[in-house]
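The exercises below go through one structure piece by piece. Try each task before reading its solution.

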Amino acid sequence: MAQWCQLQMLDCKYLEQVDQLYDDSFPMDIRQYLSRWIESIDWDTVAMQDSLATIRFHDLLAQLDDQHSRFALENNFLQQHNFRKIKRNLQDRFQEEPHAMAMIISRNLKEEQKILACAKEAEQEGEGTVSAMVVEKQKLDNKVKDLKDKVQFLDQMLKNLEDLQDEYDFKMKNRENEANSLSPKELQQEKFQMARMCMDLKQKRQDVVTFLTELLNLTHSLIQELVSEELPEWKQRQQIACIGGPPNACVDQLQNWFTAVAEALQQVRQQLKKMLELEQKFTYENDPISQKKAHLENRALELLKNLLSNSLVVERQPCMPTHPQRPLVLKTGVQFTVKLRFLVKLHEFNYQLKVKAVFDKDVTEKKGFRKFNILGTNTKVMNMEESNGSLAAEFRHLQLKEQKLAGNRTNEGPLIVTEELHSLSFESELHPNQSGLYIKLEATALPLVVISNVCQLPSGWASILWYNMLTTEPKNLKFFLSPPAAKWSQLSEVLSWQFSSVTKRGLNQEQLNMLADKLLGAKAQRNPDGLIPWTKFCKLSANEKAFPFWLWIEGILDLIKRHLLSLWNDGCIMGFISKEREKGLLSNKCPGTFLLRFSESSKEGAITFTWIEHDVHDKPVYHSVEPYTKKELTAVSLPDIIRTYKVMAVENIPENPLRFLYPDIPKDKAFGKYYPKPSETQEPMDVESTEKSGYMKTELISVSEVHPSRLQDNMMPMSPDDYKALERYVSPRDIDAVEQDMSCSFETSNFLL
């Protein structure tokens, strides 16, 4: 079943996550109507090749034209209008940067896959954590519904009070006219009825005031829960999502709660006005309305102000469109986007909020601390979005420019560029035509790292990971003056997210064990509470010659994205495994069994394979090929290298020693689908025949050239018949003596054959 069809069958909580992926820059309408075509394209590859991205961009425009024609045949004027507008917007946004569109589509498809996986996992777990969260949200839903029901009940109470008061007022006015026509007994009875009606009226007034007081108490409790619990939890989930964790959800649910409470308070304020009208018509000594009206009005206003002042949030954190999976790292001179949402979705606020972006607000002067100016349109008016009706503003064309300093420009600050944190805040004012309602609004993005060269991106991203993994403070810009250590239990999860956020697979326990030993040392025994200092993760001490752990991981991630994505997703690559563990896994396997692991000695990311053979005494011998880097893999894919790999020595026929992918998968079965397809046979009329071109066909293969003194046995593994023939002339001891000097590492060379 197509991915888009599967998504539409999910529960609403997952559909809400899908909704978060699409906005006006790439509307969901495109995903809906062009789903089959979109899912048929390898957008990862498209995003990496500008020429291919341009072709696919024009293909997409052609698809939109086709869909527009279908709408014309159906006389669907509304969708014709929408698709014309969508096409214009896409051309304005992506005409010059089609690869940015490809990256957005690629990211969205991967996020959709994660949502599907999450839904499947939740279904399998049954009454797990997800169910517990649903129960909690259901409780809050019930509280909001209870508040709305109570507000409606108060409306009915006021209506009943008004009816009773009108009746009492009418009878009081007509009493004097009827007094002369009534007998003393009837007059006495009338007085008794009026006194009783007055008592009922006073009691109903007291009931209304008491009920309203309790209603405001309930509202206060609900706002506290929203502002102090739900909103911080959502922001924390957003932090986790920013560093590769599960997609953040529930912003629509949060908006629904905030909006419902705001609507209830607006209605309460109208009810208070109604109570004042009733008081003006009729009052008496110790009237509860007269006594409580000022307190109730002020309290309702303060509650509304508290709710509204916490309603402006950064829905999508600052991010460069060219690096959608690395938010919060901004490069000077490169445009970035950021989106805000006002959680109280009332039409009276539409076009009322003008938001201004401010960089490093309230940051005190610090020696060596860089300063930046915001370029582009830094003010936006919030309006209702067409896609989902939310009150939002998206800044799409902001960029930063460093302020020039007079004299020496040496950075004498205590922090390096990639540890220097900056803030981006947004200010607005809310003062609709309502008495007493004037509110200053502010929202702050998570701390940012500003770089001036793309080579600083990996280190900048490491800072973002470390900060959001270890603190929930939104404005702790001094964090890296004394960065805390991370527990292995925290870091291992974040490391796995780095892989699952760009591929379909995170890290399994076997892979994490190897990384734990690398960071903590074998003596720590992979203690979940073992501490890893910041310097160990991303920096080097003076006496270290190697490269930082994170840069090694980043190099491997880039290698996977560029050359190994399908192999990694299919589980063909074991990846992170120590040499000792590698030997342990291969030791009892048949000759020619091999596994793929990442090199620990390459900063840029490299992959190697190790296979096992057995000597004449059936002892295991291991061979590892020189690691392949991006340079080699750009020329030949890894499946092709494995398919054509040969070991060759003097006067020995080259042979491929690789037979089974660990544990026991035949090589061609594991990698066959990645092998290049045979070229099509030429047509008989093809004048440009290669046979007449004068050239022989060539193929780039990898060959390990081995000196005879390093061979394990007679050049290459011999057949049993050859070995028996050799035993007639040479004793097994002599053969074994020759084998002792055999090395297990081969150097790799490339030959055109």
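**Exercise 1: strand β12 and its partners**

Leu330 stands opposite Val450 in β12. This is a predicted model, in which local features need pLDDT of at least 70, side-chain atom pairs count only at pLDDT 80 or more, and totals for chains, interfaces and linings use all residues. Residues are numbered from 1 along each chain as its sequence is written, and side-chain values use heavy atoms, with hydrogens and water left out.

Task: find which strands pair with β12 in the parallel sense and which run antiparallel to β12.

Solution. Begin with the terms. Helices (H or I, at least four residues) and strands (E, at least two) are DSSP runs, numbered from the N terminus. Two strands pair if DSSP finds at least two bridges between them.

Step 1. Strand β2 (residues 329-331) pairs with β12 in the parallel sense, over 3 bridges.

Step 2. Strand β9 (residues 421-422) runs antiparallel to β12 and is joined to β12 by 2 bridges. Here His422 has Leu448 as its bridge partner in β12.

Step 3. Look at the side chains of β12 (residues 448-451): Leu448 and Val450 point one way, Val449 and Ile451 the other way, and all are buried. Buried means under 20% relative accessible area, exposed over 50%, and partly exposed in between (1.4 Å probe, protein chains only).

**Exercise 2: an open sheet**

Task: state the order of the strands in the open sheet of 4 strands and name the edge strands.

Solution. Step 1. The order is β6-β4-β10-β11, and the pairing is antiparallel.

Step 2. β6 (379-381) and β11 (439-444) each pair on one side only, which marks them as the edge strands.

Step 3. On average, neighbouring strands of this sheet are turned by 25° against each other, direction ignored.

Step 4. Within the sheet, β4 (residues 354-359) and β10 (residues 424-430) pair in the antiparallel sense over 4 bridges. Val358 has Ser425 as its bridge partner in β10.

Step 5. Helix α12 (residues 288-309) lies across β10 and β11, and runs at about 30° to β11. Axes are lines fitted to C-alpha atoms, for helices over the stretch in contact, and angles run from 0 to 180 degrees between N-to-C directions. Contact means heavy atoms within 4.5 Å.

**Exercise 3: two helix pairs**

Task: describe how α6 packs with α7 and how α13 crosses α17.

Solution. Two packed helices are described by the angle between their axes and the distance between the axes.

Step 1. Helix α6 (residues 50-73) and helix α7 (residues 77-94) pack at about 170°, and their axes are 9 Å apart. That makes α6 roughly antiparallel to α7. Angles under 35 degrees count as roughly parallel, over 145 as roughly antiparallel, 65 to 115 as roughly perpendicular and the rest as oblique.

Step 2. The contact of α6 with α7 includes Phe57 and Leu60 of α6, and Phe83 and Ile86 of α7. By class there are 10 nonpolar, 5 polar and 3 charged residues. Ala, Val, Leu, Ile, Met, Phe, Trp, Tyr, Cys and Pro count as nonpolar, Asp, Glu, Lys and Arg as charged, and the others, Gly among them, as polar.

Step 3. The axes of α13 (residues 457-470) and α17 (residues 549-569) come within 10 Å and cross at roughly 110°. That makes α13 roughly perpendicular to α17.

Step 4. On the α13 side the contact is made by Pro458, Ser459, Trp461, Ala462 and Leu465, and on the α17 side by Trp550, Leu551 and Glu554. These residues divide into 6 nonpolar, 1 polar and 1 charged.

Step 5. Glu554 of α17 counts as buried, at 13% relative accessibility. Leaving aside its neighbours within four places in sequence, Glu554 is in contact with Arg326 and Pro458.

**Exercise 4: positive phi**

Task: decide whether Asn286 is buried or exposed, and whether Leu328 is buried or exposed.

Solution. Step 1. Asn286 is in the loop between α11 (251-281) and α12, and its phi is near 65°, a positive value in a residue other than glycine. Asn286 is exposed, because its relative accessible area is 57%.

Step 2. Leu328 is in the loop between β1 (312-319) and β2, with phi near 75°, also positive in a residue other than glycine. Leu328 counts as buried, because its relative accessibility is 0%.
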